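User: Please take a close look at one single part of the model shown here. After that, please explain in a connected way how other parts of the chain are arranged.

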Amino acid sequence: MQTLQISIYALAFLVALALIFDFMNGFHDAANAIATVVSTGVLKPQTAVAMAATFNFVAILVFQLKVATTVGKGTIDPSVVDHYVVFGALVGAIVWNLITWYYGIPSSSSHALIGGLVGAAVAKAGTGSLIAGGLLKTILFIVLSPLLGFIFGSLMMVLVSWLFVRATPRRVDKWFRRMQLVSASMYSLGHGGNDAQKTMGIIWMLLIAAGASSPDEHLPWWVVISCYTAISLGTLFGGWRIVKTMGQKITKLKPVGGFCAETGGAITLFLATALGVPVSTTHTITGAIVGVGASKKMSAVRWGVAGNIVWAWVFTIPASAFMAAIAWWIGTLIL
């Protein structure tokens, strides 16, 4: 692959832009990690985000960098990557995140980034620049991640109901107020492990294109640490507009339901990260929350709210791709 002729200032600017996206990813998706534990009253919001941010960073010690490899090498042809493509992808994803955050829509930062990459690459080199295998795996998990979250969340709820069938509601509430601290921590661990790696993949892609790294080398540790730090800080500041939608509007949650939703979501995230698939934490926890509600009775779920969220999922990749294509064109004029 031909090495880009790019100034150190442009490279630093794009790395900083990637870290801004990573911060916004944590900010935007903080609701996924803390909405259930806050809405059940187990933790106050400030305590919940501090815990979530901590476990976002602890993920650095747990997960291999398979998701970063998928994003960095498996979505678009490395030969078309340049600073304009990276700029377009990041700006498209950031703009879509800002729009959905403002309106309190729990869309996927992950798929906004994938859509941004697709839009910028197609704007430059057409559809032949896309790597079908990596994209199909990502698109498949748009359906599978909420479905797995739904299945694991509902199974956990049925299992817990069976195990505690003779327990009093007061005893159940007391136990699961403690257990929810564990499940929320595990979900935050999975969130950090999957989401931070997507930005690592973008920076890695840029460094390889600029000749600052080789495809055969390991991802530089400064990239790994800075990305985990950025997403943790974003989570610490929290996207409060989305917490209410995730925590209470879909279905009413008690501590036992919050535990089951978080555990079901965490299992899905751990599985996807182990397979190197960049999934949406938003899709995953929404599916798990719906599964918990539906396991009690179908009418416990506000299907209209869930349907609106699904429409946001459908539009995320094409909308961010369109914005990224425009941003790519602007980038060719200003960079």
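Analyst: **A phenylalanine and its surroundings**

Phenylalanine 23 counts as partly exposed because its relative accessibility is 28%, which lies between the limits for buried (under 20% relative accessible area) and exposed (over 50%), found with a 1.4 Å probe and protein chains only. The model is predicted, so local features need pLDDT of at least 70 and side-chain atom pairs count only at pLDDT 80 or more, while totals for chains, interfaces and linings use all residues. Residues are numbered from 1 along each chain as its sequence is written, and side-chain values use heavy atoms, with hydrogens and water left out.

Phenylalanine 23 lies in helix α1 (residues 8-39), as does phenylalanine 27, four residues apart from it, about one turn of the helix. Helices here are DSSP runs of H or I with at least four residues, strands are runs of E with at least two, and both are numbered from the N terminus. The structure holds six aromatic pairs. In one of them, phenylalanine 23 and phenylalanine 27 are stacked, with 6.5 Å centre to centre and 20° between the planes. Rings of Phe, Tyr and Trp (its six-membered ring) pair if their centres lie within 6.5 Å; planes under 30 degrees apart count as stacked, over 60 as edge-to-face and the rest as tilted. Phe237 joins Phe23 and Phe27 in one aromatic cluster.

Beyond this cluster, the protein has 12 helices and zero strands. Of its 335 residues, 58% count as buried.

Helix α3 (residues 66-73) contributes Val67, Ala68, Thr70, Val71 and Gly72 to the buried residues. These buried residues of α3 pack against α5, α6, α7 (169-209) and α10. Two of those partners, α5 (residues 109-125) and α6 (residues 132-163), also meet: their axes come within 12 Å and cross at roughly 145°. Axes are lines fitted to C-alpha atoms, for helices over the stretch in contact, and angles run from 0 to 180 degrees between N-to-C directions. His111, Ile114 and Val118 of α5 make the contact with Leu135, Thr138 and Ile142 of α6, where contact means heavy atoms within 4.5 Å.

Helix α6 also contains methionine 157, which counts as buried because its relative accessibility is 8%. Leaving out residues up to four places away in sequence, methionine 157 touches Val256, Gly257, Cys260, Val292, Ser295 and Lys296. Its C-alpha atom is 9.6 Å from that of glycine 258, although the two residues are 101 residues apart in sequence.

Helix α10 (residues 255-275) holds threonine 263. Threonine 263 counts as buried because its relative accessibility is 16%. Neighbours within four places in sequence aside, threonine 263 is in contact with Met156 and Ser183.

Isoleucine 208 belongs to helix α7 and counts as buried because its relative accessibility is 12%. The C-alpha atoms of isoleucine 208 and valine 81 are separated by 9.2 Å, while the residues are 127 residues apart along the chain. For the protein as a whole, residues 24 or more positions apart account for 88% of the contacts with a separation of 6 or more.
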